[in-house]
Structure formats: C-alpha cells, structure tokens
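Please study the sequence and the structure shown below before attempting the exercises. Each task is followed by a solution in steps.

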Amino acid sequence: MSLFRNFAIGLRSLFRKKQVDRELDEELGAYLEMEAAEKMRQGISRKDALREVRLERGSLEVTKELVRSGGWEFFVETCWQDLHYSVRMLRKSPGFAAVAIVTLALGIGTNTAIFSLTDQILLRDLPVPHPEQLFILRSPGPNHGHTWGDVDQGAQSFSYPMYKDLRERATVFSGLLACRRITVNVSGHGETQAAHADLISGNFFQTLEVQPVLGRLFTSSDETAPGANTVAVLSYSYWSRQFGAEASILNKSVTVNGVPLTVVGVARKGFYGVQIGLTPDLFIPVTMKAQMAPNPNQTLEDRTDRWLPVVGRLKPGMTVARAEAELQPIYQPTLESDAKLLKLSGDDFKRFISKPLLLISGAHGRLVLQDGAQEPLLVLMSMVGLVLVIACANLAGLLVARGEARQREIGVRLAMGAKRTRLIRQLLTESLLIATAGGAAGVALAWWCLNAIMAAIPPGQGMLGLVTNLDFRVLWFAIALTLATAILFGFAPAMRATRLDLQSTLKDQGSNVSDGRSNVGLRKVLIVSQVALTAVLLAGAGLFARTLMNLEHANLGVNTSHVLQFSVAPDFNGSTPAQTLAFADRARNEIAALPSVRSVSISSAPIFANDDYVSNFTPEGYVPQPGHVPQPGDDTDASYDYIGPNYFSTMGIPLIAGREFTESDTAESPKVCVINQKLAQRSFAGRNPIGLHITHGGGKLHADPPMEIVGLVANSKWDDARSDIVPFLYMPYSQDKNLGHLAFYIRTERDQAPMAASLRSLIQRLDPNLPVNNLRTLEEQVGSSMLNDRLVTGLSVSLALLAALLAGLGLYGVLAYVVARRTREIGIRIALGGERADILRLVVGQGGRLTVVGGAIGIVAALVAMRWVASLLYGVTAHDPLTFIAVVVLLAIVSAMACYLPARRAMRVDPMIALRYE
Amino acid sequence: MPDKPSDLVQGTLDMLILKTLALEPMHGYGISVRIEQMSKGVFRLNAGSLFLAIQRLERDGLIDGEWKPTENNRRARYYTLTAKGRKRLDSETREWGRQVAAIGRILETS
C-alpha cells in the first residue's frame with residue numbers, strides 16, 4: 001500500500017516536475033513567510049526578518065535540493081543526467097567510443113552467430129514433447145549380409161523383421177518407431193522432381209506425439225503388408241511450398257516413383273522427423289519400401305538386409321541401464337536366428353551373436369548430416385570464444401586507459417564538491433553505455449554473419465533447413481560477459497580515480513617527470529594476453545588456410561576442368577536394369593552427338609559424392625584361411641563401380657596398360673574389369689595383371705564367375721580430395737545385373753554453361769518422368785566436398801585477422817599513452833643531448849617486449865592447442881614450421897605498425913614545448 | 001547548517017512529528033514551532049530535515065497532506081495523522097519508553 005503510494009508520488013514528481021517544484025517552492029515559501037512574520041511580531045522590520053530567517057535556515061535552494069534528493073525518483077533523474085553526460089563525453093572522444101563499441105560488437109556478434117549455427121546443427125532438441133525420452137538403438141559389431149547404413153558403420157541399421165520383433169516383444173518402450181530417409185521422384189503437372197521422403201513405421205507419429213494440421217497421420221493400420229499401404233503424409237513445408245497450403249490436396253493422389261499415393265494428412269508446422277537439418281517432403285509407410293527404394297536383391301521381410309534406423313520412447317521412469325538389460329534377452333535369440341540364416345560358424349558366429357543392443361540419447365534426433373560438421377563447429381566455437389576473451393581484454397585496456405586519462409577531470413570535479421559515489425556511478429554509466437551500444441552492434445553483426453555464412457553455402461549442399469535465427473541464450477551470455485567486463489574494468493579505475501589525493505592529482509602533470517603511479521602494469525598484462533591469444537588464432541587460421549590450399553591443389557587423379565555431370569535414377573520410376581541399360585546407351589549416344597561434346601561416359605555411382613561401394617574381390621591364386629568369412633578391411637577389400645565406355649578418357653584418368661571398356665563389352669560378352677594401380681600392387685605385386693582373373697565376392701553368399709582384367713589405370717581419388725587412394729575395381733555397367741542409378745560425365749570443348757539446358761531437355765525428351773539431379777560442373781562437385789574446409793578456413797582467417805587488429809589497437813593504445821605520459825621525460829632527454837634513436841628504441845623496445853612475451857606464450861599455447869585440430873588438417877602437420885614462422889612475422893608487422901605512430905610522436909617531441917607543457 | 005537537533009536520530013524526529021500531529025493537523029512551520037516550544041528550545045529543526053522527514057512520512061502513508069488557506073491568506077500544506085500513523089506513534093512511543101527506561105537503569109547502576 002505505502003510502496004504503491006511511494007511509487008505513485010515518485011512518478012508524479014518525475015513526470016510533473018514543474019508542478020511538484022512549484023508546490024515545494026510554495027510550501028517552503030510559506031514556511032519562511034510564517035517564520036518572518038513571527039520575527040516581525042517581535043519588532044524587527046520585514047526586510048531584516050527575512051534576512052535573518054535566511055541566515056538561520058540556510059538558502060532556500062539548498063533546502064529544496066535536500067528535500068528533492070530524498071525520494072527514489074531522484075536516483076532515476078540523476079541516472080538520466082549521467083546518461084546524458086556519458087553520451088556527451090563519448091561524443092567528445094569518438095575514437096575511443098568507436099574502438100570500444102567495435103571491439104564489443106566483434107566479440108558478441110561472432111559468438112552469437114557461430115553459436116546459433118552450432119545450436120541448430122548439434123544442440124537443439126527435437127521439437128516434440130519430452131525429447132529426452134527418445135533413444136536411438138544401436139548394435140555395434142560385425143555386420144553380415146547387406147547393410148545400408150548412414151552413420152555409425154551401420155550399427156544403427158536394423159532389418160525390418162528385426163524391428164518388428166523388438167516392437168512386439170520389448171516392454172520398456174511406450175513406442176518404438178522406424179524411419180529411413182530416402183530420395184524419391186515425385187511427378188505431377190507434367191514434370192518430375194526429386195524429393196526427400198521418410199519411410200516410416202505406422203506408429204511413427206504417435207510415438208513422437210505429433211499432431212496433423214490437416215487430415216490424419218498414420219496409424220498401425222497404415223503398415224499392413226508390403227506394397228499395400230498407398231498413402232502419404234506431407235510435411236508442412238512441402239505442403240505450403242508445393243501445394244500452396246491448399247486443404248484441397250487432401251485425398252488427392254501424388255505420384256511417387258510412379259506409384260499413386262493418397263495424401264491423407266499434413267504434419268504440423270516445424271516437425272521434421274527424427275533427423276535434424278533436413279526436413280522431409282513426404283512421409284510414406286515403410287511397407288512401401290519395394291516401390292520407394294527399389295533393390296531387386298532384398299525384400300522387406302529379408303532378415304539379412306539391415307537398413308532401418310530405430311528410435312524408441314522409453315516409458316516414464318525407465319532408466320537406460322534397465323532398458324538395455326531388459327532388451328538383451330529379446331535381442332539375443334533374434335540375432336541367433338539371423339546368424340543361422342547367414343550361415344555363420346565358429347568365431348564369426350560367436351562374435352555376431354554377442355553384439356549388444358545399446359541405447360543412445362535421441363533427444364537431438366539422429367545426427368546424420370552432422371557427421372562431418374561436429375569437429376569444425378567445435379573448433380569454430382573455440383575460436384570465437386577466444387575472440388570474445390580478446391575483445392574483453394581490449395575493452396578492459398581501453399577503460400583502464402580512459403580512467404587514467406580522466407584522473408584530472410575527476411580531481412577537478414571532486415574539488416568542486418562532487419560526491420564520490422556520484423562520480424563512480426557516472427563512470428559506471430559510461431561503461432554500461434558502451435557495453436549496451438556494443439551489444440546492439442553485436443546483434444546486428446551476428447545477424448549479418450549468419451546470413452553471410454548461409455549465403456556461402458551453395459543451395460542444395462551441406463545442411464538444409466538452417467535458419468538465420470539468432471540464439472538469444474548466447475546473445476545474453478555474451479552481453480552479460482561484456483557488461484561484467486565493463487563494470488569490473490570501469491569500476492576499478494573509477495575507484496582509484498576518486499580516491500585520489502586532490503592536491504597531487506591537480507599538480508600531477510605539472511611536476512612529474514615520468515609516468516607516476518598508474519595502471520600501466522595491468523594494461524601490459526592485458527596486451528600480453530591479447531597478443532598470446534591472437535597468436536593461437538593466427539596459428540589455427542594459418543593451418544586451416546594451408547589445408548584448404550593443399551586440398552584445392554591436391555592431385556585428384558582426375559582432370560576436373562571442362563566436365564559437366566548430372567545423375568538420374570530410372571529405377572525409382574520402376575525401370576528394370578535391362579531398361580535402364582538401354583536408356584543409358586541411348587542417352588550416351590545422343591549426348592555424344594551434341595555439339596562441342598568431346599566425350600561422354602557413365603558411372604553407376606557418382607564420383608566425389610561420398611557414395612561408396614565396397615566389396616570383396618578375390619584375385620586368382622588367393623588362398624583364404626579356412627572358415628574365414630570376408631569382412632570389411634580384409635585384404636580382398638576393394639571399392640568398385642560400374643562404368644561405361646570412354647570413362648577413363650572422359651575423366652582424364654591415364655590408362656597405363658590394356659584397354660578401356662568399349663561398346664563390345666556387353667551383358668553377354670565375357671566378364672571383364674579394369675583395376676587401379678593400388679589394387680594391382682596389393683593383389684598382384686610384381687606381376688602384370690592384364691589377362692589375370694579376379695572374382696567378385698569371397699564368401700559363400702556371392703559366387704560370381706571370375707572376371708578377366710583387361711586394363712590397368714592410374715590411381716585417382718574417389719570420395720574427396722582428402723581421401724586416401726584405395727584399391728579400386730571398375731566393371732562395365734552393361735554387366736551390372738542391378739543397374740539402377742546413372743551418373744553422366746560429359747567433357748566439353750569450352751564453356752559448359754549453355755550445355756546444361758540442352759542436356760536437361762535431351763533427358764526430358766528421352767524420359768519425361770526422369771528428374772535430372774545434381775547438374776553441375778565436376779569442379780563444383782569437388783568444391784562441394786570441401787564446403788566444411790572452406791567455411792572453417794574463411795571464418796578462422798577472418799577471426800584471426802580481427803583478433804590481430806584488436807591486439808594491434810590495444811598495443812597502440814598503451815604505447816600512445818606511455819609516450820603521452822613521458823613527454824616531459826623525453827623532452828628532458830632530448831634537451832640533455834639524448835639521441836633520437838635512443839628515444840625510438842625506448843618506445844619500440846616497450847612495444848616489442850610486450851609482443852615478444854605475448855607471442856612466445858601464444859606460440860607455446862598454439863603448439864599445444866593445435867593438436868586438437870590435427871584431424872581437420874590435410875597435408876600439413878599441426879606443428880607446421882612455415883605456419884608458425886608466418887604467425888611470428890605477422891605479429892611482428894602488427895607490433896611494428898602499432899609502434900610506428902607513438903614512436904614518431906616521441907621522436908618529434910620538441911624539448912622546449914615538452915618542458916613548458918602544463 | 002549547525003543546528004541543535006543534529007543529535008536527533010532519524011527515528012526520533014519522525015516520532016516527534018507524529019506526536020505533534022496527533023494533537024491537531026498542522027503545517028510545516030507549525031510543526032517546527034510546536035517542537036521547539038514543547039522541547040523548550042532544545043530541539044530546533046531546520047527546514048531541510050523537517051521537510052525531508054515529512055516527505056518520507058507522507059510516502060509511507062503515516063500522514064496525509066492537504067493544501068489549505070492559512071490565517072494570513074496564504075496557502076500552506078496541512079498535515080494530518082492517518083490511522084496507520086497513529087498506530088506507528090503508539091508503538092514507537094512504547095518502544096521509546098522501554099529504551100529510555102533500560103538506558104536509565106544502566107546509567108543508574110554504574
């Protein structure tokens with residue numbers, strides 16, 4: 001009640017200041033009048049009476065001031081005054097204000113941007129109720145049969161029958177879902193486009209507790225029998241993008257891979273399945289796998305085909321340990337029956353059936369696309385963290401310097417009777433003002449940074465579905481940190497300055513010869529730490545830059561210039577391998593007839609796209625150990641691909657011996673293959689491989705006829721520039737029994753740009769329902785595999801240069817200050833015959849010492865820290881001498897630049913002026 | 001501003017003002033005169049501390065102020081004790097009595 005009353009009265013005097021003032025005037029006036037009247041009654045004249053009253057009571061104004069300062073609103077009012085004063089002071093020293101605000105903006109902005117990105121990619125929970133109850137099933141250990149994995153070496157992939165067994169028998173889950181991300185062809189309006197689909201179990205939406213915005217979502221009745229559930233649910237973004245968010249789409253059909261599916265509903269906005277970073281366009285029942293992800297060798301009920309990721313929602317109160325313990329007895333028998341199906345025996349059998357079933361947290365969803373992004377992001381986070389520390393150190397140095405520079409001003413104000421607390425408050429207001437302005441600039445910078453990073457990612461590459469939303473948690477954190485810095489380092493000098501002995505301050509500059517007591521020591525520590533951290537950042541940036549350079553100049557073994565590529569997936573539209581083969585031959589011949597096409601070829605798996613086929617190839621004369629079952633990493637392991645005629649000449653891969661595939665290598669002709677040098681060295685060391693034989697497979701599952709080696713080609717890289725050369729075996733696509741996808745490579749005479757359109761229309765003419773994917777130059781394709789490296793290098797180099805700039809500014813600030821304080825001393829030295837070179841040495845020596853100490857600490861720290869980034873480097877060691885020398889040289893340049901102006905000023909000191917100064 | 005009541009603790013001044021107003025509503029000068037009279041000139045208030053205390057008491061809801069004409073046709077703010085103020089005066093008087101008695105006992109024994 002009285003609190004409210006106090007507040008109301010305070011507000012009134014804040015906003016109706018004039019009226020409240022008048023009332024106070026009147027009340028005090030009446031008081032004095034009455035007192036004077038009393039005195040007049042005692043016989044004094046009115047004039048004298050008033051004079052006496054004033055003398056006795058003190059001046060009216062002082063009284064008024066005293067009464068006014070009693071309320072809380074007085075505090076608010078003085079804060080406002082402080083703010084006004086601070087703005088005026090900052091405008092008087094724009095250099096200081098600009099550097100301070102820019103420093104803060106850099107620290108806050110870069111941190112907020114990078115953290116916002118990291119959060120979206122790595123840290124964000126799935127947007128479903130109780131994401132912490134979700135767990136991903138994984139079963140690490142040897143894989144047999146067919147594995148179609150995405151991460152974790154296939155440990156997170158299960159067969160559909162295995163999934164159903166677990167779902168029926170496990171009691172620890174309130175729901176157990178299966179979900180596999182695939183690419184499909186969706187046709188309509190006379191054109192066909194590729195789309196992302198999730199093949200899901202019927203209980204998918206119930207388990208994740210997701211609601212529809214339209215129609216219904218799947219239930220267990222949508223997962224009945226293979227091929228029977230011709231329904232689809234659209235994601236919200238696909239619905240609005242493709243169908244204009246029209247409710248009329250309900251119960252209409254969309255044609256997916258040539259199969260009409262009835263749209264039964266749309267999932268709610270913002271729901272993107274269990275995989276962060278890529279919103280699916282459609283959800284399709286898992287029972288439609290044969291139509292959606294055709295693979296002639298495997299049926300849905302095949303227990304040896306492991307392809308389904310499984311995610312469970314644990315019942316409330318269930319612990320991971322208990323759940324795992326209860327799952328094992330259910331998992332074990334199914335594993336044993338699988339082992340029997342796979343005809344495993346001996347140690348292989350034992351190792352296979354002892355595979356555990358583990359639960360890992362699924363709160364963030366399945367991190368598939370994030371696989372290669374985690375490390376670069378963590379490195380970038382550390383780097384921006386260092387930038388924030390440097391920014392804080394720089395700000396601290398600036399504030400300390402400013403506090404000192406203002407000692408005199410403060411001394412004068414104290415002498416005029418200003419209260420110490422009031423002065424401290426005023427100085428703090430200034431610090432807070434800077435921090436706030438820096439924070440605002442930081443938000444703007446963060447937003448700009450995030451947009452710039454997004455723009456640097458070419459469309460269709462890397463993470464999709466990223467948004468440029470700032471993360472406000474980290475924004476507040478960064479702002480809080482800089483505020484704390486501002487208060488701490490604004491407060492300390494303020495305390496010092498206001499504790500000054502007035503006399504000495506006012507006399508100071510006049511009488512002291514050299515810099516007296518000051519915070520120079522603290523500032524030097526701040527500079528040294530800035531230089532050290534900058535050295536670490538520069539070393540990191542240097543190593544990343546060298547890595548990128550090495551990658552860009554890496555010998556790929558492929559001539560990537562003037563090659564266009566695109567890929568198609570006729571099998572998605574129900575094309576049989578024989579039909580696909582006919583299509584491939586026809587398309588190849590028609591493309592070859594286009595003007596300015598030098599040569600064209602086809603491979604089944606695209607190059608530089610992280611698409612690997614690895615299998616066992618048993619060379620003739622190879623004697624396996626008894627009872628041995630082929631496994632990954634074996635000495636019969638090789639990557640392979642099916643390719644067309646002219647492949648090596650089109651790709652610029654040198655043929656060393658034998659021949660390329662030709663049109664006469666057909667499905668009926670003898671089985672042939674071409675191997676690379678690496679494979680030749682490993683399996684036929686010393687022998688000429690041409691004419692020798694090799695067999696696809698090695699165990700009991702595959703027993704293909706032996707192939708004759710007809711050619712030997714030079715080594716080339718497959719996945720990306722970073723990857724090692726692996727043993728590689730090429731077979732003609734005409735002899736691929738499962739030919740499904742086709743990647744086309746076209747070597748052209750000159751500029752490829754006009755080619756793209758004619759290629760598209762050519763394919764469209766051959767098969768109107770076949771979408772053309774990834775139409776781009778081979779150089780672009782190679783570049784996309786370096787996306788992470790480009791981002792890390794670009795960001796780290798910018799950050800390191802910014803840090804160097806900040807450190808340089810800090811160093812300059814200290815030196816300029818020292819020179820200013822020592823002007824008198826320098827003047828005396830010169831007057832006494834000191835050489836200008838000595839003066840130069842004095843200033844440069846000071847700056848140099850700080851740089852050397854900071855640099856030395858930084859280099860040692862970098863040598864230790866760079867070990868953490870070693871796995872991101874390529875062709876350069878973490879202790880690369882050249883990089884570290886470059887860091888030292890750069891620091892020397894920065895330091896020299898920072899020394900230059902103060903040194904010049906010191907050398908131009910005129911002894912007469914210096915001694916007369918003040 | 002050297003003045004007698006410099007040794008008056010804040011709480012006591014508040015109590016004295018409340019006591020004065022308990023007798024009848026009064027303006028600032030009246031309070032000052034009344035306190036001086038009742039203390040036989042021992043306590044002389046200066047305007048600053050008086051109005052500071054009045055402002056505080058009013059904000060705490062212990063007294064209410066109202067503009068009224070004075071006898072010589074000026075306007076002055078007359079202050080009245082509120083119910084809350086009366087309660088506070090009672091409790092403070094009691095507390096004061098206890099303290100004075102206690103201090104007295106200590107001083108007597110030594």
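The following exercises concern a predicted model.

**Exercise 1.** Determine how many helices and strands chain B has, and in what order they occur.

*Solution.*
Step 1. Counting the elements of chain B gives 4 helices and 3 strands.
Step 2. Read from the N terminus, these elements follow the order α-β-α-α-β-β-α.
Step 3. As to burial, chain B has 110 residues, of which 34% are buried.

**Exercise 2.** Establish the strand order of the sheet in chain B, and state which strands lie at its edges.

*Solution.*
Step 1. In general, the strands of a sheet pair through backbone hydrogen bonds, in either a parallel or an antiparallel manner.
Step 2. In chain B, 3 strands form an open sheet with the order β1-β3-β2 and antiparallel pairing.
Step 3. The edge strands are β1 (26-27) and β2 (63-69) of chain B, since each pairs on one side only.
Step 4. The antiparallel pairing of β1(B) with β3 (residues 75-81) of chain B runs over 2 bridges.
Step 5. Within this sheet, His27(B) is found opposite Tyr78(B), a residue of β3(B).

**Exercise 3.** Describe how chain A meets chain B, and identify which element of chain A gives the most residues to the side that touches chain B.

*Solution.*
Step 1. The contacts involve 21 residues of chain A and 20 residues of chain B.
Step 2. On the side of chain A that touches chain B, α1 (2-15), α2 and α4 (60-68) of chain A supply at least two residues each.
Step 3. The element that gives the most is α2(A), with 9 residues.
Step 4. Sorted by class, this side of chain A has 9 nonpolar, 6 polar and 6 charged residues.
Step 5. Helix α2 (residues 17-41) of chain A lies across β1 and β3 of chain B, at about 95 degrees to β3(B).

**Exercise 4.** Find which residues touch the most other members of the largest nonpolar core, and where this core draws its residues.

*Solution.*
Step 1. In soluble globular proteins, nonpolar side chains tend to be buried together.
Step 2. The largest nonpolar core has 116 residues, and Ala232(A), Ile284(A) and Leu729(A) touch the most other members.
Step 3. Strand β3 (residues 173-188) of chain A gives the most to this core, namely 7 residues.
Step 4. Domain 2 (131-363) and domain 4 (570-770) of chain A each provide at least three residues of this core.
Step 5. A second, separate core has 95 residues, among them Leu533(A), Leu537(A), Leu538(A) and Leu872(A).

Conventions. Residues are numbered from 1 along each chain as its sequence is written. Chains are lettered from A and ligands numbered from 1 in the order in which they are written. This is a predicted model: local features need pLDDT of at least 70, side-chain atom pairs count only at pLDDT 80 or more; totals for chains, interfaces and linings use all residues. Two strands pair if DSSP finds at least two bridges between them. Two residues are in contact if their C-beta atoms, placed from the backbone, lie within 7 Å. Axes are lines fitted to C-alpha atoms, for helices over the stretch in contact, and angles run from 0 to 180 degrees between N-to-C directions. A nonpolar core is a set of buried Ala, Val, Leu, Ile, Met, Phe, Trp, Tyr and Cys residues joined through C-beta atoms within 7 Å. A residue is buried if 20 or more other C-beta atoms lie within 10 Å of its own, exposed if 12 or fewer, and partly exposed in between; C-beta atoms are placed from the backbone. Domain bounds come from an automatic or database domain assignment. Ala, Val, Leu, Ile, Met, Phe, Trp, Tyr, Cys and Pro count as nonpolar, Asp, Glu, Lys and Arg as charged, and the others, Gly among them, as polar.
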